[in-house]
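Welcome! Please take a moment to look over the sequence and the fold shown here.

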Amino acid sequence: MTRALIVIDVQESFRARPQWETISDPKIADQVNRLVRLFRQNGDQVVWVLHREPGTGTVFDPDLGHVRLMEELERAEDEPLIHKTSHNAFTTTNLQQLLTERGIRDLTLCGIRTEQCVETTARVGSDLGHRITVAIDATATDPIPHRDAPAGRSIAEQLADPRTLSAEEVIRRTEYALAGRFATIATVDELEAGAEGRA
C-alpha cells in the first residue's frame, strides 16, 4: 500500500448551502465512488476528510448535523475519517502522521471545492514531499464573485455580473496553477486506465 485516495469535504454541508444550485457537478459523489472502488480494488488506502467549524452556526458547524459524508458515499469501517478546521487537509489533522506510518507517498485528491480545499491540500502535500495527482473531474466548485462585488447579492445577481468567474473557469485556472508545479492533473477515466495498465 503506497498510494492513497484523499476524499476532501464531499459532505452534506455543501448541499445545505443556497450556492449548491450553481455547483459544477451536483453528482460529484458518483465520480468519487468510482475512485473509491478503484483504490479499494488495488488494495490502496482511502482517507475521508470532513471540514468543520465548531460554534459558528453555519452549515459547517457539527452541531447542525450537516458535517457528514454525502449519503451516496459508503465509507468502509477500516478507512480513516478525519476532521479538519483549515482549508488544507494537513495543518489541523494527523493526516501526515497517518500517511508516514503507512509509508504512503502517492496521493490522489478529489472533493469540494476545487480551488479551495483541494488545491490547498495539493500545494501543502507537494511541499511535504508527496507525489500529488488531482482527479480534476472528481472535484466540484461554484462560481466566485469579484472581490469588489457588493455583499448580500442574490445568486442570480452574482451570476449576471460579468466579473463573476464561472465554476468551469475556476476549475480551469486550478488546473493551470497546479499542473507541472504541485500536481499531475488527471481524469477519472485516465486513472482507471492507468490502473488497468499496472495490473
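What follows is a short tour of a helix, a ring pair and some backbone details.

This is a predicted model, in which local features need pLDDT of at least 70, side-chain atom pairs count only at pLDDT 80 or more, and totals for chains, interfaces and linings use all residues. Residues are numbered from 1 along each chain as its sequence is written, and side-chain values use heavy atoms, with hydrogens and water left out.

Let's begin with helix α2, where helices (H or I, at least four residues) and strands (E, at least two) are DSSP runs numbered from the N terminus. Its 14 residues, 28-41, reach 20 Å from first C-alpha to last, close to the 20 Å expected (1.5 Å times one less than the number of residues). Among the buried residues of α2 are Ile28, Val32, Leu35 and Phe39; buried means under 20% relative accessible area, exposed over 50%, partly exposed in between, with a 1.4 Å probe and protein chains only. Just after α2, Gly43 has a positive phi of about 75 degrees.

Next, the rings. The structure holds one aromatic pair: Phe14 and Phe60 meet edge-to-face, 5.3 Å centre to centre with 75 degrees between the planes. Phe14 lies in α1 and Phe60 in the loop between β2 and β3, so the pair ties together parts 46 residues apart in sequence. Rings of Phe, Tyr and Trp (its six-membered ring) pair if their centres lie within 6.5 Å; planes under 30 degrees apart are stacked, over 60 edge-to-face and the rest tilted.

Here are three buried residues with their relative accessible areas.

| Residue | Relative accessible area |
|---|---|
| Phe14 | 5% |
| Phe60 | 10% |
| Asp9 | 1% |

Asp9, in the loop between β1 and α1, has a positive phi near 60 degrees although it is not glycine. Finally, the peptide bond from Ile112 to Arg113 is cis, with omega near -10 degrees, and Arg113 sits in the loop between β4 and α4.
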